[in-house]
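Me: I have a model open on my screen and would like to learn how to read it. Could we go through it together, one feature at a time?

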Amino acid sequence: MISSTRAHQLRGAKHVVVFTGAGASAESGIPTFRDALTGLWEHFDPAKLATSDAYRDDPALCWGWYEWRRHKVVKAQPNEAHRAIADLAKRVPKLTVVTQNVDDLHERAGSQDVIHLHGSLHSPRCIDCGKAYTLPFTPEALPEDGSRIDPPRCTACHGYVRPGVVWFGEMLPEDAWSAGLAAAEECDVFLSIGTSGVVYPAAELPLRALGHGATVVHINPVRFDISGREHFLQGPASVLMQGLLSEAFGDLSAQ
Ligand code: OAD
């Protein structure tokens, strides 16, 4: 049994926000950032790969690294956590998915109108004029990590194309941030899944939800400190989300 109180709250909710971090995609084989041993920032220096200065200093190194990550995502499949989240949308009056992830696994599992706070690996644009650039779908050409690949050039101004992700020191996309904040402040249940909650302003959303009276539940295999008003379900997202849905809504296969 997961937690009959949480299942009961989920069943009675009018608006649920699902807020995801890298842990939601971990079971699809996409590395997180801060997990000991396997996290990307354990092996790569964000100062050399995830700032606009780094990109201008060494575009081929940065572009190669994001292409490596993009191809990993293209080859990955959504996992049971992504599927349970998409399924939850059919069972509650309103569901908003807000993600810090730059993959498209929520969408491929069937979630709609996903709010991407940190942009997407799949929406590159010109670093100079901002024009969107269409990338080829080439999963067979998975580059090794550390590969240097010259970025494509913008078809309008010939500037370098950059990944469509938010780098350190950059603002979040304004429309995504305001939509995420509005949902956090309006919802009655806020599920925070697979995030270390250390990167702001995204990490502010559970606190905003709590401040506006929502039930806030963290789902994570690794326990961390929370306030006495929040709740923690410890374990992998796939197991806990399937368990929570089946406790809240009964036999899922029958619906
Ligand atoms: P982190 O790598 O900081 O945290 C991932 C969390 O997922 C950790 O707390 C893990 O314990 C947890 N986790 C691992 N496996 C899991 C599983 N199977 N089920 C559930 N949870 C699991 O990733 P984020 O919190 O997403 O920013 O990091 C936030 C931001 O920092 C990222 O969006 C990225 C990074 O720098 C940008 O790229 C702008």
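Me: Let's begin with the ligand: how many residues surround the ligand, and which are the closest?

Reply: Happy to help, and please keep in mind that this is a predicted model. The ligand is surrounded by 23 residues. Phe33, Arg34, His118, Thr195 and Ser196 are the closest.

Me: Which backbone atoms lie 2.7 Å from an oxygen atom of the ligand?

Reply: For polar contacts, look for pairs of N or O atoms within 3.5 Å. Here, a backbone N or O atom of Phe33 is 2.7 Å from a ligand oxygen atom. Ala22 also places a backbone N or O atom by a ligand oxygen atom, at 2.8 Å. With Ala237, the partner is a nitrogen atom of the ligand, 2.9 Å from a backbone N or O atom. On its own the ligand has 800 Å² of accessible area, and the protein covers 92% of that.

Me: Now the sheet. In what order do the strands come, and is the pairing parallel or antiparallel?

Reply: Follow the sheet from one edge to the other. There are 6 strands in an open sheet, ordered S3-S2-S1-S6-S7-S8, with parallel pairing. Strand S3 (115–116) and strand S8 (231–234) are the edges, each pairing on one side only.

Me: How many bridges join S6 to S7?

Reply: Strand S6 (residues 189–193) and strand S7 (residues 215–220) run parallel and are joined by 5 bridges. To find one on screen, pick Ile193, whose bridge partner in S7 is Ile219.

Me: Which strands does helix H1 lie across?

Reply: Helix H1 (residues 4–12) lies across strand S1 (15–20), S6, S7 and S8. Relative to S6, helix H1 runs at about 120°.

How values were computed: Residues numbered from 1 in each chain as written. Predicted model: local features only at pLDDT ≥ 70, side-chain atom pairs only at ≥ 80, totals over all residues. Heavy atoms only, no water. Pairing = 2+ DSSP bridges. Helix = DSSP H or I, 4+ residues; strand = E, 2+ residues; numbered from the N terminus. Contact = heavy atoms within 4.5 Å. Axes fitted to C-alpha atoms, helices over the stretch in contact; angles between N-to-C directions. Near = heavy atom within 4 Å. Polar contact = N/O pair within 3.5 Å; in protein donor to acceptor, adjacent residues only side chain to side chain. Areas by Shrake-Rupley, 256 points an atom, 1.4 Å probe, with all protein chains shown as cover.
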